[in-house]
Amino acid sequence: MKNASHSVFEDVFALLCAGLFVAFGIFLFQSQELMVGGAAGLALLGTYAFPVEFGVLFFLVNLPFYYLAWHQISKRFMINTFISVTTVSLFSEWVPRFVNLSMIDPFFAAIFGGILIGVGMLIMFRHSSSLGGLGILAFYLQSRFNIRAGTFQLCADSVILSVSFLFIDTHLVLISILAAFCLNMVISLNHRPERYTLPQVAKPAEQPAQPNTTEVDHLHPQNG
């Protein structure tokens, strides 16, 4: 049975909620100097190398991936992803103005932050969107080649976390690995290509099949 498409209001409301989940998860990570994977992780790494705010870097990192979303997945997916990325970029700058953490255990921040970001990404995937960057690539690979998004994200996050050893303390990187595990478990267990209908990815054009004149003319496709 084909899934009913969401309305524009449903998409926007869901993506705003997802953006808040992700932004708050990133806020928990930043409060303990933890790392995260994906485009957000690339942006966090950039904050160590350049005097630029996370929200600005996160927005810029995602710009090249919009081409892939627009041409290989769908225009709706690209627009929704742009909304998600912009929402996370803005909320990540606003959350510290409303929340002040006097004490939080880094392990709790890693686990709860990872779950929050994972749930946010899951909502985005269900509404034809992503967290941008590597999330777009993960969505494309799952739709086109049935490579699970969570599996790809885990591999990419492993590379990003390995690079983060150059910028933050070893014990913080190890705690960040726990966060990445929680995040990707949420996606892997709840976003399965065989269970949900995803936007169609553009595939190479195939030559139309030539009619077989030897077939009996009263035979028709089963669903024709």
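Start with helix 2 of this predicted model: its buried residues are Gly38, Ala39, Ala40, Gly41, Ala43, Leu44, Leu45 and Gly46. The helix runs over residues 38-49, twelve in total. At 1.5 Å a residue it should span 16 Å, and its end C-alpha atoms sit 17 Å apart, so the expected and computed values agree.

Helix 2 also takes us to a hollow in the structure. Search the whole model and you find one cavity of 30 Å³ or more. The largest cavity has a volume of about 80 Å³. What surrounds it? The lining of the largest cavity is made of 14 residues, and Gly37, Gly38, Met121, Leu131 and Gln153 are the ones nearest its centre. Gly38 is a name we've already met, as one of the buried residues of helix 2.

Several helices share the job of lining the largest cavity: helix 2, helix 6 (106-126), helix 7 (134-145) and helix 8 (149-163) each put in at least two residues. Helix 2 gives the most, with three. Sort the lining by class and you get eight nonpolar residues, five polar and one charged.

Now hop over to Val85, which belongs to helix 5 (residues 75-98). Is Val85 buried or exposed? Its relative accessible area is 0%, so Val85 counts as buried, the cut-off being under 20%. Who keeps it company? Setting aside neighbours within four places in sequence, Val85 is in contact with Phe58, Phe59, Asn62, Tyr66, Leu131 and Gly132. Take Phe59: Val85 is 26 residues away from it in sequence, yet their C-alpha atoms are 6.5 Å apart in space. Leu131, another of those contacts, is also among the residues nearest the centre of the largest cavity.

Definitions and conventions. Residues numbered from 1 in each chain as written. Predicted model: local features only at pLDDT ≥ 70, side-chain atom pairs only at ≥ 80, totals over all residues. Heavy atoms only, no water. Helix = DSSP H or I, 4+ residues; strand = E, 2+ residues; numbered from the N terminus. Expected span 1.5 Å × (residues − 1). Buried < 20%, exposed > 50% of the residue type's maximum accessible area, 1.4 Å probe, protein only. 1 Å grid on protein atoms, 1.4 Å probe; cavity = no way out; pocket = protein on both sides within 12 Å on 5 of 7 lines; lining within 4 Å. Points joined across faces, edges and corners; volume = space filled by probe spheres on them. Nonpolar A, V, L, I, M, F, W, Y, C, P; charged D, E, K, R; others polar. Contact = heavy atoms within 4.5 Å.
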